[in-house]
Amino acid sequence: MIKRFGYIILVLMLLVGCKAKKRATSNTKVTTVERKKGVYKPNDGIAGTKFNKSELYPLPADPGRFVKFPINSTAEYIEEFAEIAQYEMRAFGIPASITLAQGILESGSGKGQLTLKTNNHFGIKCHTGWQGEYDFHDDDAKGECFRKYNHPMFSFRDHSIFLASRSRYRFLFNYRRDDYKKWAYGLRQAGYATDKKYPQKLIALIERYDLDAYDEEVVRNGLDTVREPKEYDVFTHVIEKGDTLYGLSKKYTISVDEIMQLNNLDSTNLAIGQVINLRKAKNK
């Protein structure tokens, strides 16, 4: 049964005996997540996704404010996010074990400083075209820009889209979907992390917590272990008011860098009426 994640938007009523006490939100409009089933509609999702919605984890509606999501241990982290990692595997082909291991490592099992203030579980930096919320954090350099999410589940989906839509990670999707070792070394090869021991750390986490069992379950339930080669249709799009490269990249699941390469663009600036090339996978 899929877990439902709920939110406290304005106040949480705590009943003590026969009297109710009101707990107001903080001045910074930060709420604490309440793990409760059935709070959001199961058809909530990401608008414009080109993936099979039946395979996508039903994300909650954006609460419009930052939601604290405390995790106390690695075991609790796995329990909370294993199912969404399996859904992301079915929809995008990224091993659930890799998603979980990266989340554990990058977020410090949900307890890292960056994760606590951004709900960014995968250390994804802003990069060209990012138009969402952000915060600054010292990483490879001082004060780097990192993506910020109101809820951690949006971080998991963005991680999938980030890997699936960027050309430098494309070769990973030719690996078997249950070959976590190749994926771990491939991520380092593609430049996901600068740590030379990044693959070994991922593999150690996977084997310590038996995370590959989640891959096996997805494969056992019908996911092909090898991806069918994709063919693409190239089409044109006329820029309208409000269009941005980031918005188009989300709509058509293609990275901003790839759009710029397809159109020989030197900047992200667009003009109304401008015709640009885009591409999408052919339906088979």
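A search of the whole structure, which is a predicted model, identified two cavities of 30 Å³ or more. The largest cavity encloses about 110 Å³ of space. Its lining comprises 15 residues, of which Ser 165, Arg 166, Tyr 246, Ser 249 and Lys 250 are the closest to the centre. Two elements, α4 (152-165) and α8 (245-252), each give two or more residues to this lining, and α4 gives the most, with four residues. Classified by residue type, the lining of the largest cavity consists of six nonpolar, five polar and four charged residues. Rolling a probe the size of a water molecule over the atoms shows where empty space is left.

Arg 166, one of the residues closest to the centre of the largest cavity, is also a contact partner of Glu 258. Glu 258 is located in helix α9 (residues 256-263) and counts as buried because its relative accessibility is 7%, below the 20% cut-off. Although Glu 258 and Arg 166 are 92 residues apart along the chain, a separation of 7.4 Å was computed between their C-alpha atoms. With residues up to four places away in sequence not counted, Glu 258 touches Ser 165, Arg 166, Ser 167, Arg 170 and Arg 279. Ser 165 thus appears both in this set of contacts and among the residues closest to the cavity centre.

As regards overall architecture, the protein contains nine helices and eight strands. Of its 284 residues, 46% count as buried. The accessible surface comes to about 15200 Å², and carbon and sulfur atoms account for 48% of this area. When contacts between residues at least 6 apart in sequence are considered, 64% of them join residues at least 24 apart.

In soluble globular proteins, nonpolar side chains tend to be buried together. In the present model, the largest nonpolar core has 52 residues, and those with the most contacts inside it are Phe 81, Ile 98, Leu 163, Tyr 169, Leu 187 and Tyr 192. Two or more residues are given to this core by each of α1 (74-92), α2 (96-107), α4, α5 (180-190) and α6 (198-208); the most come from α1, with 10 residues. Helix α4 therefore gives residues both to this core and to the lining of the largest cavity. Leu 163 is in contact with Ile 94, Gln 102, Tyr 169, Phe 173, Leu 187 and Tyr 192, leaving aside its neighbours within four places in sequence. Apart from the largest core lies another core, of 11 residues, including Tyr 252, Ile 259, Met 260 and Ile 276.

Several loop positions were also examined. Asn 119 lies in the loop between α3 (113-118) and β5 (134-137) and has a positive phi of about 55° although it is not a glycine. Asn 119 counts as buried because its relative accessibility is 2%, under the 20% limit. A positive phi of about 55° was likewise computed for Asp 210, which is not a glycine and is placed in the loop between α6 and α7 (212-220). Lys 241, in contrast, is found in the loop between β7 (232-238) and α8. At 77% relative accessibility, Lys 241 lies over the 50% cut-off and therefore counts as exposed. The C-alpha atoms of Lys 241 and Ile 272 are separated by 6.0 Å, with the two residues 31 apart along the chain.

Definitions and conventions: Residues are numbered from 1 along each chain as its sequence is written. This is a predicted model: local features need pLDDT of at least 70, side-chain atom pairs count only at pLDDT 80 or more; totals for chains, interfaces and linings use all residues. Side-chain values use heavy atoms; hydrogens and water are left out. Buried means under 20% relative accessible area, exposed over 50%, partly exposed in between (1.4 Å probe, protein chains only). Contact means heavy atoms within 4.5 Å. Accessible areas come from the Shrake-Rupley method with a 1.4 Å probe; for residues, only the protein chains shown count as cover. On a 1 Å grid over the protein atoms alone, a cavity is a set of points where a 1.4 Å probe fits but cannot get out, and a pocket is an open set with protein on both sides within 12 Å along at least five of seven lines; lining residues have an atom within 4 Å of a point. Grid points are joined across faces, edges and corners, and a volume is the space filled by probe spheres set on the points. Ala, Val, Leu, Ile, Met, Phe, Trp, Tyr, Cys and Pro count as nonpolar, Asp, Glu, Lys and Arg as charged, and the others, Gly among them, as polar. A nonpolar core is a set of buried Ala, Val, Leu, Ile, Met, Phe, Trp, Tyr and Cys residues joined through side-chain atoms within 4.5 Å.
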